[in-house]
Amino acid sequence: MLEQIWALFERAGIPCLFHLVTGAYCPGCGGTRAAKALLAGQIAASLRYNPVVCYGALVLAGFAFFWLYARFRHKKSPELRRMEIFLYGGLLIALVNCIYKNYMLFARGVDLLS
């Protein structure tokens, strides 16, 4: 029984409850597919599913690089307050992505995540 449920999740992915109830996309819709595509090296597909995943991967890699650089050079790490701009950038990308996908779905009839 558990194997059948797991196979269903692997085929269809974990459903978004917001999308199931409202029919609209939430800012996180497509995130799992985007992560799978990014891990498979399909950057264009990952950006199409949810660009926040690629943005988050780039920001995380950049933070890791600068943290390691600061550690090995015995310099002070950048303050977290300066890094808030990256959080706001990610939120802006998520908002624009959500608005665009819902516009395409409801106004144009194009399901970008199908």
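**Briefing: a six-helix protein and its nonpolar core**

The largest nonpolar core of this protein consists of nine residues: Y25, C26, C29, A34, A37, A45, Y49, L105 and L113. Two elements, α3 (31-39) and α4 (43-49), each give two or more residues to this core. The model is a predicted one. The protein contains six helices and zero strands, and its pattern along the sequence reads α-α-α-α-α-α.

**The protein as a whole**

- The protein has 114 residues, of which 25% count as buried.
- About 8900 Å² of the protein is exposed, and carbon and sulfur atoms supply 70% of that area.
- Among contacts with a separation of 6 or more, 45% join residues that stand 24 or more positions apart.

**A residue of the core: A37**

- A37 is one of the nine residues of the largest nonpolar core.
- Apart from residues up to four places away in sequence, A37 touches Q42, A45, S46 and Y49.
- Of these partners, A45 and Y49 are themselves listed in the largest nonpolar core.

**Helix α6**

- Helix α6 covers residues 84-106.
- The 23 residues of α6 should span 33 Å at 1.5 Å a residue, and this agrees with its end C-alpha atoms, which are 33 Å apart.
- The buried residues of α6 are G89, G90, A94, N97, C98, K101, N102, M104 and L105.
- These buried residues pack against two other helices, α4 and α5 (51-72).

**Three residues of α6 in detail**

- N102 is located in helix α6. N102 counts as buried because its relative accessibility is 15%, and the cut-off for a buried residue is under 20%.
- When neighbours within four places in sequence are left aside, N102 is in contact with A24, Y25 and A107.
- L105 also belongs to helix α6, and its relative accessible area of 18% makes this residue buried. L105 is a member of the largest nonpolar core as well.
- Beyond its neighbours within four places in sequence, L105 is in contact with G23, Y25, V110 and D111.
- L105 and G23 are 82 residues apart along the chain, while their C-alpha atoms are separated by 9.3 Å.
- Y100 is likewise placed in helix α6. With a relative accessible area of 47%, Y100 is partly exposed, since that class lies between the 20% limit for buried and the 50% limit for exposed.
- From C-alpha to C-alpha, Y100 and Y25 are 9.8 Å apart in space, although their positions lie 75 residues apart in sequence as a separation.

**Y25 as a recurring partner**

- Y25 is a member of the largest nonpolar core.
- Y25 appears among the contacts of N102 and among those of L105.

**The surface: a nonpolar patch**

- L17, L20 and V21 form a nonpolar patch on the surface, and together they have about 370 Å² of accessible area.
- V21, one of the residues of this patch, is found in helix α2, which covers residues 17-22.
- V21 counts as exposed because its relative accessibility is 72%, and the cut-off for an exposed residue is over 50%.

Terms used. Residues numbered from 1 in each chain as written. Predicted model: local features only at pLDDT ≥ 70, side-chain atom pairs only at ≥ 80, totals over all residues. Heavy atoms only, no water. Helix = DSSP H or I, 4+ residues; strand = E, 2+ residues; numbered from the N terminus. Buried < 20%, exposed > 50% of the residue type's maximum accessible area, 1.4 Å probe, protein only. Contact = heavy atoms within 4.5 Å. Core = buried A, V, L, I, M, F, W, Y, C linked by side-chain atoms within 4.5 Å. Patch = residues over 30% accessible without salt bridge, like charges linked within 9 Å, V, L, I, M, F, W, Y side chains within 5 Å. Areas by Shrake-Rupley, 256 points an atom, 1.4 Å probe, with all protein chains shown as cover. Salt bridge = Lys/Arg side-chain N within 4 Å of Asp/Glu carboxyl O. Expected span 1.5 Å × (residues − 1).
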